[in-house]
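Here's a walk through a protein model, from the overall outline down to a couple of single residues. Have the 3D view open as you read.

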Amino acid sequence: MKVYTLSELCDRIGAGIKSEFYESALVTAEISGLQLRNGHCYMELIEKGDNNTLHNARIRAFCWASAYNMLSAYFREETGQSLQNGMKVLVEVEVTFHNVYGLSLNIIGIDPKYTLGDMLQQREAAIKKLKEDGIYDMNHMLAMPTLPRCIAVVSSADAAGYEDFCNQLTNSTRHYAFKITLFNATMQGDNAVKSVCNALDKIAVASSDFDVVLITRGGGSSNDLTCFDDYTLCSYIAQFPLPVITAIGHTKDISIADQVAKYALKTPTAAAAFIIEQFDIQADKISDLEHRMKLSLSNLTKNKLIQLDNYRNKLINAYHIIFQKKLNKLELIEHTIKLQSPKRILQQGYSITLLNGRPVHSVKELHSGDRISTDMLDGTISSVVE
């Protein structure tokens with residue numbers, strides 16, 4: 001058996017690899033440990049086992065800056081995503097072997113269509129599982145509070161979008177009072193799913209303190225939306241006990257998180273405008289009710305004044321009728337008195353006999369020697385009874 005120095009053995013291995021892989025090869029794999037240094041891209045290409053934890057294969061790979069700048073731009077334009085960990089790719093590689101650094105793959109080409117197909121499959125699988133689990137529409141069915149004043153925001157603390165959201169609410173035309181609580185989270189990259197889920201867990205513990213939840217990236221590239229298609233994160237949003245508003249995408253991007261949330265808006269500013277609109281709607285209702293109440297009160301006052309005027313006229317008419325009746329009655333009494341007055345009786349030829357100034361009704365009232373007077377129309381006669 002021949003004895004080799006280590007460098008001789010490495011040279012022989014390198015020669016064998018170069019002889020076997022004298023042409024480039026197409027490889028399907030998953031990206032892991034991606035790093036950028038001095039414009040060059042370094043990573044591992046892995047193939048996971050059936051349990052999705054153990055690896056069937058793992059090998060170092062790199063892409064020199066001269067090729068990476070072109071390939072990454074092309075990939076981003078075609079897929080809308082940046083190359084990142086966990087992404088499945090179809091790459092064209094040159095198999096290389098270095099005596100010190102060992103076996104590695106030099107990436108010289110990439111097929112975005114393969115990644116798009118895999119991303120679409122993963123996306124459709126996540127949506128299917130959400131629907132099969134019966135949770136896809138759960139957040140949709142929650143009632144939106146009439147006045148969503150207390151807002152829990154899941155965002156990066158230094159995100160410009162978060163500041164835009166707060167400024168928009170604070171400087172609203174009608175100056176509504178909002179209570180905004182930030183739950184800081186990483187909104188892109190490998191830790192985004194875990195970070196956002198942790199923030200949602202904290203909000204859920206204090207859910208009675210909030211009306212709605214806003215999840216916003218606030219700026220950033222549309223190439224970093226993959227975490228919002230993740231089943232775990234989307235299941236959190238779908239099952240959350242409060243209405244969730246998302247503002248994480250751009251015009252052409254609709255993530256699964258957008259689909260399962262109560263409302264999906266494009267920007268933090270749009271989300272703030274939506275919340276302000278809910279207050280405006282109620283304020284307009286109150287203004288309309290106030291106007292209607294004033295109008296109703298004015299009409300009621302006018303009607304009551306008309307009724308009062310009618311009552312006054314009726315009272316005056318009734319008074320005049322009663323007065324006229326009393327006056328007529330008084331005239332009748334006066335006429336009756338005139339008809340029955342002694343003077344009128346005397347005018348008709350009658351006379352009145354008085355005894356001591358009192359009328360005599362019967363001769364039995366008189367005695368011999370009584371002095372009486374007889375009143376006639378034109379004078380009085382004095383007599384003595386015999």
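Two strands count as paired here if DSSP finds at least two bridges between them. Strand 11 (residues 352-355) and strand 12 meet that cut-off, pairing in the antiparallel sense over 2 bridges. Keep in mind that what you're looking at is a predicted model.

**The overall outline**

The secondary structure adds up to 9 helices and 14 strands. The radius of gyration is 54 Å, well over the 21 Å that the globule rule gives for 386 residues, so the protein is more spread out than a compact globule. Along the principal axes, the C-alpha atoms fill a box of roughly 200 × 35 × 30 Å. Of the 386 residues, 34% count as buried. As for contacts between residues at least 6 apart in sequence, 62% of them join residues at least 24 apart.

**The barrel**

In what order do the strands of the barrel close up? The order is 1-2-3-5-4, with 5 strands and mixed pairing. On average, neighbouring strands of this sheet are turned by 50 degrees against each other, direction ignored.

Here's how some of the strand pairs line up, with the sheet of strands 11 and 12 thrown in:

| Strand pair | Sense | Bridges |
|---|---|---|
| Strand 1 (residues 25-37) and strand 2 (residues 40-48) | antiparallel | 6 bridges |
| Strand 3 and strand 5 | parallel | 3 bridges |
| Strand 4 and strand 5 | antiparallel | 8 bridges |
| Strand 11 and strand 12 | antiparallel | 2 bridges |

A few bridge partners make handy landmarks. Arg37 is matched with His40 in strand 2. Phe62 sits opposite Asn106 in strand 5, and Glu92 has Gly109 as its bridge partner in strand 5. Strand 4 and strand 5 also make a hairpin, with 3 residues between them.

Two helices lie across these strands. Helix 1 (residues 6-20) lies across strand 4 (88-98) and strand 5, running at about 140 degrees to strand 4. Helix 2 (residues 65-79) lies across strand 1, strand 2, strand 3 (55-63) and strand 5, and it runs at about 50 degrees to strand 5.

**Zooming in on strand 5**

Why is strand 5 described as largely enclosed by the rest of the structure? Because 7 of its 9 residues are buried. Asn106 is found in this strand, which spans residues 102-110. Is Asn106 buried or exposed? With a relative accessible area of 9%, Asn106 is buried, because the cut-off for that label is under 20%. Leaving aside neighbours within four places in sequence, Asn106 is in contact with Phe62, Cys63, Trp64, Glu92, Val93, Glu94 and Thr96. Two of those names should ring a bell: Phe62 is the residue opposite Asn106, and Glu92 is the bridge partner of Gly109.

**A pair of helices**

Two packed helices are described by the angle between their axes and the distance between the axes. For helix 3 (residues 112-132) and helix 6 (residues 231-238), the angle is about 35 degrees and the axes are 10 Å apart. Their crossing is right-handed. Which residues meet there? Helix 3 brings Ala126, Lys129 and Leu130, while helix 6 brings Tyr231, Cys234 and Ser235. By class, this contact has 4 nonpolar, 1 polar and 1 charged residues.

**Ile151**

Next, find Ile151 in strand 6 (residues 150-155). Its relative accessible area is 0%, so Ile151 is buried. Not counting residues up to four places away in sequence, Ile151 touches Phe165, Leu169, Phe178, Lys179, Ile180, Thr181, Phe210, Val212, Leu214 and Ile275. For a sense of distance, pick Ser82, which is 69 residues from Ile151 along the chain: the C-alpha atoms of the two are separated by 32 Å.

**The open sheet**

Finally, back to strands 11 and 12. Both belong to an open sheet of 4 strands, in the order 12-11-13-14, with antiparallel pairing. Which strands form its edges? Strand 12 (358-359) and strand 14 (379-384) do, each pairing on one side only. Within the pairing of strand 11 and strand 12, Leu354 stands opposite Pro359 in strand 12.

Terms used
Residues are numbered from 1 along each chain as its sequence is written. This is a predicted model: local features need pLDDT of at least 70, side-chain atom pairs count only at pLDDT 80 or more; totals for chains, interfaces and linings use all residues. Side-chain values use heavy atoms; hydrogens and water are left out. Buried means under 20% relative accessible area, exposed over 50%, partly exposed in between (1.4 Å probe, protein chains only). Contact means heavy atoms within 4.5 Å. Axes are lines fitted to C-alpha atoms, for helices over the stretch in contact, and angles run from 0 to 180 degrees between N-to-C directions. A crossing is left-handed if the near helix is turned anticlockwise from the far one by less than a right angle, and right-handed if clockwise. Ala, Val, Leu, Ile, Met, Phe, Trp, Tyr, Cys and Pro count as nonpolar, Asp, Glu, Lys and Arg as charged, and the others, Gly among them, as polar. The radius of gyration is taken over C-alpha atoms; the globule rule is 2.2 Å times the number of residues to the power 0.38.
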